[in-house]
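Got the viewer open and a selection box ready? Let's take a walk through the model, one stop after another.

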Amino acid sequence: MTETQHPRSTDSVPRLHRGRAWANAKFFESMDWYSHRRLGARKKALFADLPELVVEFGAGSGASMRYLAPGTRLVAIEPNAHAHGGLRRNAARYGIDLEIREERAESTGLDSASVDAVICTLVLCTVEDQAATLAEVQRILRPGGRFLFIEHVGSGPGPIRTVQRVLHRPWRYVFDGCCLDRDTAATIAATGFADLQIEHFRFGGAFVPVWPQISGVAVA
């Protein structure tokens, strides 16, 4: 396993709150077992036939690495430096050839039409500009390349929608920008991918505000 570390650029990295960025990195690393329990089968199926080179937006501490084939070269777009230790540990654990880039999702610095697969799980809720992030995904994918995603989304009318509305501001503060009410499916559909398949499902478990989720594949 090898790693390439790109220097931090103050122009391309979002301003993260230092304390919350640290707390979130530790929280999500500690909750890896729970994510695997709730989403493991879905991730395993979604990532079953990925190419040798994969770009992951918002890689966090590496919760998706266990579903990648050993020897995969992973370009991890992760501006939260506090998550990088977890990324390295999981790369060593699962035999992943890791490259960390601290650029923000809206502007990765990667070449246009340079990759065949981009993955993204529970990240589009947090990016500053969903449309710009998805345009960046489309830009770096080769024609026929795939964008594979799992995201929590805003609920339709009902009790969960009420919970999301009540918790919106404190949730966004605690989880460093995470929005509970985004219509991510519509934003992906509006990006102009050549083909798109989206499945709506319920996450379940203890975290009720993020029960409504989507997963799918978009083809450039």
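Start by selecting Gly 95, just after α3, where phi is positive at about 70 degrees. Helices here are DSSP runs of H or I with at least four residues, strands are runs of E with at least two, and both are numbered from the N terminus. Before you go on, note that this is a predicted model, in which local features need pLDDT of at least 70, side-chain atom pairs count only at pLDDT 80 or more, and totals for chains, interfaces and linings use all residues. Residues are numbered from 1 along each chain as its sequence is written, and side-chain values use heavy atoms, with hydrogens and water left out.

Now step back into α3 itself, residues 84-94. Which of its residues are buried? Select His 84, Gly 86, Leu 87, Asn 90, Ala 91 and Tyr 94. Buried means under 20% relative accessible area, exposed means over 50%, and partly exposed is in between, using a 1.4 Å probe and protein chains only. Look down the helix axis: these buried residues fall within an arc of 155 degrees, so they line one face of α3. That arc is taken from the directions from the helix axis to the C-beta atoms. An α-helix has 3.6 residues a turn, so residues three or four places apart point the same way. On the face turned away from the buried side of α3, pick out the exposed Ala 92 and Arg 93.

While Arg 93 is selected, add Ala 23: their C-alpha atoms are separated by 23 Å, and the two residues are 70 apart along the chain. Ala 23 belongs to helix α1, residues 18-30, and is partly exposed at 35% relative accessibility.

Next stop, the inside. The largest nonpolar core has 33 residues, and Leu 50, Met 65 and Leu 98 touch the most other members. A nonpolar core is a set of buried Ala, Val, Leu, Ile, Met, Phe, Trp, Tyr and Cys residues joined through side-chain atoms within 4.5 Å. Among the elements that give two or more residues to this core are α2 (32-46), β3 (73-77), β4 (97-101) and α5 (159-174). There is also a second, separate core of 24 residues, and Val 75, Ala 105, Val 118 and Ile 140 are included in it.

Zoom in on Leu 50. Leaving aside neighbours within four places in sequence, Leu 50 is in contact (heavy atoms within 4.5 Å) with Leu 68, Ala 117, Ile 119, Arg 146 and Leu 148.

Keep Arg 146 selected and add Asp 49: their side chains meet in a salt bridge, 3.1 Å from N to O. A salt bridge is a side-chain nitrogen of Lys or Arg within 4 Å of a carboxyl oxygen of Asp or Glu. This pair links distant parts of the chain, with Arg 146 in strand β6 and Asp 49 in the loop between α2 and β2 (53-57), 97 residues apart. Asp 49 is exposed, at 51% relative accessible area.

How many salt bridges does a search of the whole structure find? It finds twelve. For another, try Arg 104 and Glu 128, whose closest N and O atoms are 2.7 Å apart. Arg 104 sits in the loop between β4 and β5, while Glu 128 is in the loop between β5 and α4 (130-140), 24 residues apart. Arg 104 also meets Glu 106 in a salt bridge of 3.1 Å, N to O. Of these residues, Glu 106 is buried at 15% relative accessibility, Arg 104 is partly exposed at 21%, and Glu 128 is exposed at 55%. Then select Arg 73, Glu 99, Arg 101 and Glu 103, which are linked in a network of salt bridges.

On to the rings. Select Trp 171 and Phe 175, both buried. Their ring centres are 4.7 Å apart and their planes are at 45 degrees, so the pair is tilted. Rings of Phe, Tyr and Trp (its six-membered ring) pair if their centres lie within 6.5 Å; planes under 30 degrees apart count as stacked, over 60 as edge-to-face and the rest as tilted. Add Phe 27 and Phe 28 to see the cluster that ring pairs link together with Trp 171 and Phe 175.

Last stop: select Ala 113, in the loop between β4 and β5, where phi is positive, near 50 degrees.
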